[in-house]
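Here is a quick walk through one protein chain, with the sequence and the model side by side. Have a look at both before reading on.

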Amino acid sequence: MIVASEIAFWVVIVAGFVFRYLLKKQRLGLVLLALTPVIDLILLLTTSVDLYRGATATQAHAIAAVYIGVSIAFGKSMIAWADERFQYYIVKQGPQPVKRYGLDHAKHYFKSWVRHVLAYLIGAGFLVILIYLVQDPARTEALSGMLKLWTLVLGADLLIALSHFIWPKRAKA
């Protein structure tokens, strides 16, 4: 279901851009882009029902919570990123996407890390709720493990974000 949700997410985005820019159907394109949160909701419900019915949590269940957190926190910016590139590289309109260097890159990456914190809070919240609702550590071991791993990744991402201020990214000569 997670793979299907990820595929559906990108299919809906690409279809939204195709209708919006190539077929000049602005409203239909917007409706398709607005369906991305619905895909997340379906994934959340599917995962919750599966665990409620007695399934032992797997990495797939844990990744679903991560996916939902990331999708909510980064969804709008991912769509904007893809929109900008679709316009420039496919439709041949709009300015070339900006390449960031130096302090600008460091600030941009740090803002992305703040979104990562938001994604973590959302996804970790779902993991904690699922662990609490199942009330069986043996069945939720994968969820607890993902929570620990994601906490480590979030810390590593902070170190990377801070490193960009110390060693700024430079343009290639």
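Which residues make the nonpolar surface patch of about 490 Å²?

## The patch

Keep in mind that we're looking at a predicted model. The patch is built from Met1, Leu28, Val31, Leu35, Val38 and Ile42. Two helices chip in with at least two residues each: helix H2, covering 26-34, and helix H3, covering 36-52.

Take Val38 as a sample member of the patch. This valine sits in helix H3. Its relative accessibility is 40%, and since partly exposed means between 20% and 50%, that's the label Val38 gets.

## The overall fold

Zooming out, the protein chain has six helices and zero strands. Read from the N terminus, the elements go α-α-α-α-α-α.

As for dimensions, the C-alpha trace spans about 55 × 45 × 20 Å along its principal axes. The chain has 173 residues, and 35% of them count as buried.

## H5 against H6

Now for a helix pair further along the chain. Helix H5 takes in residues 102-134 and helix H6 residues 141-166; their axes come within 9 Å and cross at roughly 170°. Angles over 145 degrees count as roughly antiparallel, so H5 and H6 fall into that group.

What classes of residue make up the contact of H5 with H6? You'll find 24 nonpolar residues there, along with six polar and two charged ones.

Methods
Residues numbered from 1 in each chain as written. Predicted model: local features only at pLDDT ≥ 70, side-chain atom pairs only at ≥ 80, totals over all residues. Heavy atoms only, no water. Patch = residues over 30% accessible without salt bridge, like charges linked within 9 Å, V, L, I, M, F, W, Y side chains within 5 Å. Areas by Shrake-Rupley, 256 points an atom, 1.4 Å probe, with all protein chains shown as cover. Salt bridge = Lys/Arg side-chain N within 4 Å of Asp/Glu carboxyl O. Helix = DSSP H or I, 4+ residues; strand = E, 2+ residues; numbered from the N terminus. Buried < 20%, exposed > 50% of the residue type's maximum accessible area, 1.4 Å probe, protein only. Axes fitted to C-alpha atoms, helices over the stretch in contact; angles between N-to-C directions. Parallel < 35°, antiparallel > 145°, perpendicular 65-115°, else oblique. Nonpolar A, V, L, I, M, F, W, Y, C, P; charged D, E, K, R; others polar.
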